[in-house]
Amino acid sequence: MTALLTRLLGRLPIGWLQLRHNRNRLIAALAGVTFANLLIYMQLGFLGGLLNGISLPYASFDADILIQASDANTLQDGSPLPRNRMLEALAIPGVAEATPLYIFKMDWKQPDGTIRTLDVMGVDPRMANFRVAEIEAARPLLALSNAALIDRGTRNVPPELFDEIDAGRPYRIETANRSVNILGSFRIGGGFGADGVMVVSDQTFLKLFRNRTAGAPNIILVRAAPGQAIDPLIARLRAALPAADTAVRSVDEAIRRDQNFQTTQRPVGIVFGFGVVIGALVGIIIVYQVLASDVADHMREYATFKAIGYRQSFFLGVIFEEAVILALFGFLPGTALAIALYAAVKATAGLPLEMTGSRMLFMLLGTIIMCTLSGAIATRRLAKADPAALF
Amino acid sequence: MHPAISIAGLNHAFGEGEARRQVLFDINLAIPRGQFVILVGASGSGKTTLLTLLGCLRALQQGRVGLLGQELLGADEETRIACRRRLGFIFQAHNLHDSLTAMQNVRMGLDVHGIRPGADAAAEHALRLLGLGERLHYLPANLSGGQKQRVAVARALVGNPDIIFADEPTAALDWESAQQLLDIIRLLATERRTTTLMVTHDSRIMALADRILTMEDGRLVRDEAVPRA
């Protein structure tokens with residue numbers, strides 16, 4: 001290692017030798033960097049899970065364009081949308097199909113008394129509404145009264161229950177003095193807003209939620225005619241529909257808007273963002289403490305090197321060398337622990353936490369920047385190394 | 001050829017306003033190359049300040065100092081660094097880097113000029129000259145006080161400096177080691193015309209010098225040549 005660094009740096013790797021010399025300090029520093037890494041990884045994981053969870057239902061829609069209420073930021077908030085907008089949309093050239101989608105939350109009480117929150121989506125069972133093959137295959141069943149399909153990814157529900165359903169044994173859910181029969185399953189996955197998704201017909205939906213009406217869906221799913229470019233069609237829809245109560249968006253645009261809203265306007269997103277900042281601050285402070293102590297302990301030696309004729313850049317190089325070594329050596333265990341924790345969270349909480357190459361690269365660069373920043377602050381102490389005080 | 005050190009009308013003070021305290025008064029001196037000069041004086045007489053000024057460790061305030069032909073009055077930091085690279089410093093404290101071996105500490109005296117082939121061999125040679133051939137890869141923590149001081153001496157001399165500034169370099173050395181150091185200094189003076197300015201109170205060394213300077217209250221009060229037997 002020393003020989004390799006000597007070759008890389010073109011000088012003795014004093015930073016590395018210093019770190020290696022004081023093992024306790026090195027271990028403390030690495031533990032600090034690892035902890036900061038883990039903290040940031042988890043926050044980024046939750047943030048990524050939030051973003052991923054937001055996009056999953058959108059991505060499951062068999063639609064090119066969504067018509068929402070103008071004040072809607074997410075799938076469910078905003079005012080109800082006049083159903084007439086669907087008919088108006090169907091009159092626009094280039095629109096192949098338009099179908100209403102109703103969404104509401106429902107609490108599902110488990111046999112053990114715990115509650116699972118489901119996003120219930122009501123759709124017209126005569127129309128293709130989803131890109132999820134299992135839903136499309138079971139769509140005729142939705143036409144049955146009180147029939148439902150449920151997300152196998154629903155959090156904290158025994159998988160045996162879904163196996164039973166898929167084996168042809170319906171499962172009955174009682175809710176709000178109503179019952180639904182779950183006849184099949186599919187997989188979309190829950191996010192932070194709900195534990196899972198349930199799909200029912202629009203008629204079943206309206207029975208479940210008496211305060212909702214057929215004339216006020218949440219969203220109108222629009223499919224473009226084959227060969228129809230999406231952007232011009234969006235422009236035509238926007239021109240035709242009153243902007244006062246409707247917003248026309250591509251699916252991607254709706255996902256981005258929802259993600260942006262939930263990460264910047266909702267507490268959960270803001271908390272995760274703060275978590276990343278706090279993690280970085282923890283890392284900066286720990287590494288600064290280590291590097292500053294190291295500088296303080298070697299003040300006379302640094303002053304001697306100054307007397308010999310070493311320039312300030314040399315000392316900065318030593319501190320940054322230490323910072324980068326701490327970053328690299330702290331990054332590896334931090335990443336390994338994060339991968340293990342992601343898997344644990346995914347298994348226990350069902351949150352879609354995924355370790356990606358881009359996230360690891362981001363963390364590596366972020367850790368190097370974090371440690372280098374600490375080093376830059378620590379180098380201010382070097383100015384106190386006065387060679388004239390050595391005599 | 002320029003003298004190693006030439007000083008004219010050197011004054012220096014610390015502090016400002018009412019707190020200003022002058023520590024050097026009108027120093028005038030010339031030391032030719034190859035001389036071994038000892039500087040003596042009571043504590044507070046200005047020896048240390050003079051060494052720091054001549055060693056380019058402080059900026060000059062008033063007077064002229066020529067160091068190997070380079071005028072130091074008004075010299076910027078870069079010029080002073082360049083000058084320092086031609087000097088060798090031996091401090092009272094060894095100031096060895098605790099995480100570097102004896103060899104690595106000595107190499108720091110060479111690497112300031114950039115890594116060069118043969119640096120390890122030169123560092124090893126310097127340590128062997130000072131009787132540390134068996135301690136090349138020892139960390140300072142595993143060396144005695146005298147051995148540490150000899151490593152510091154090797155670090156100062158390994159780069160073949162033109163001038164050596166030494167502050168009580170033999171204080172931590174036994175007489176045999178001190179003699180080894182003095183032999184090297186005299187050898188460098190003879191072979192490379194290296195100049196040495198040493199602050200010491202070791203009476204055994206006085207007779208070995210070419211010249212003894214005495215300072216009192218910031219003034220150079222005596223400049224005596226040491227008679228050769």
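Two exercises with worked solutions follow, on the sheet of chain B and on the contacts of chain A.

The structure is a predicted model, in which local features need pLDDT of at least 70 and side-chain atom pairs count only at pLDDT 80 or more, while totals for chains, interfaces and linings use all residues. Residues are numbered from 1 along each chain as its sequence is written, and chains are lettered from A in the order in which they are written.

**Exercise 1.** Establish the strand order of the sheet in chain B, and state which strands lie at its edges.

*Solution.* Take strands as DSSP runs of E of at least two residues, and helices as runs of H or I of at least four, both numbered from the N terminus; two strands pair if DSSP finds at least two bridges between them. On that basis, 4 strands of chain B form an open sheet in the order 2-1-4-5, with antiparallel pairing. The edge strands are strand 2 (21-31) and strand 5 (70-71) of chain B, each of which pairs on one side only. Strand 1 (residues 5-14) of chain B pairs with strand 2 of chain B over 7 bridges, and within strand 2 Ala30(B) stands opposite Ser6(B).

**Exercise 2.** Describe the side of chain A that touches chain B, by extent and by element.

*Solution.* Counting residues as in contact if their C-beta atoms, placed from the backbone, lie within 7 Å, 20 residues of chain A are in contact with 25 residues of chain B. Helix 2 (14-21) and helix 11 (299-308) of chain A are the elements that give two or more residues to this side of chain A, and helix 11 of chain A gives the most, with 6 residues.

Key:
Two residues are in contact if their C-beta atoms, placed from the backbone, lie within 7 Å.
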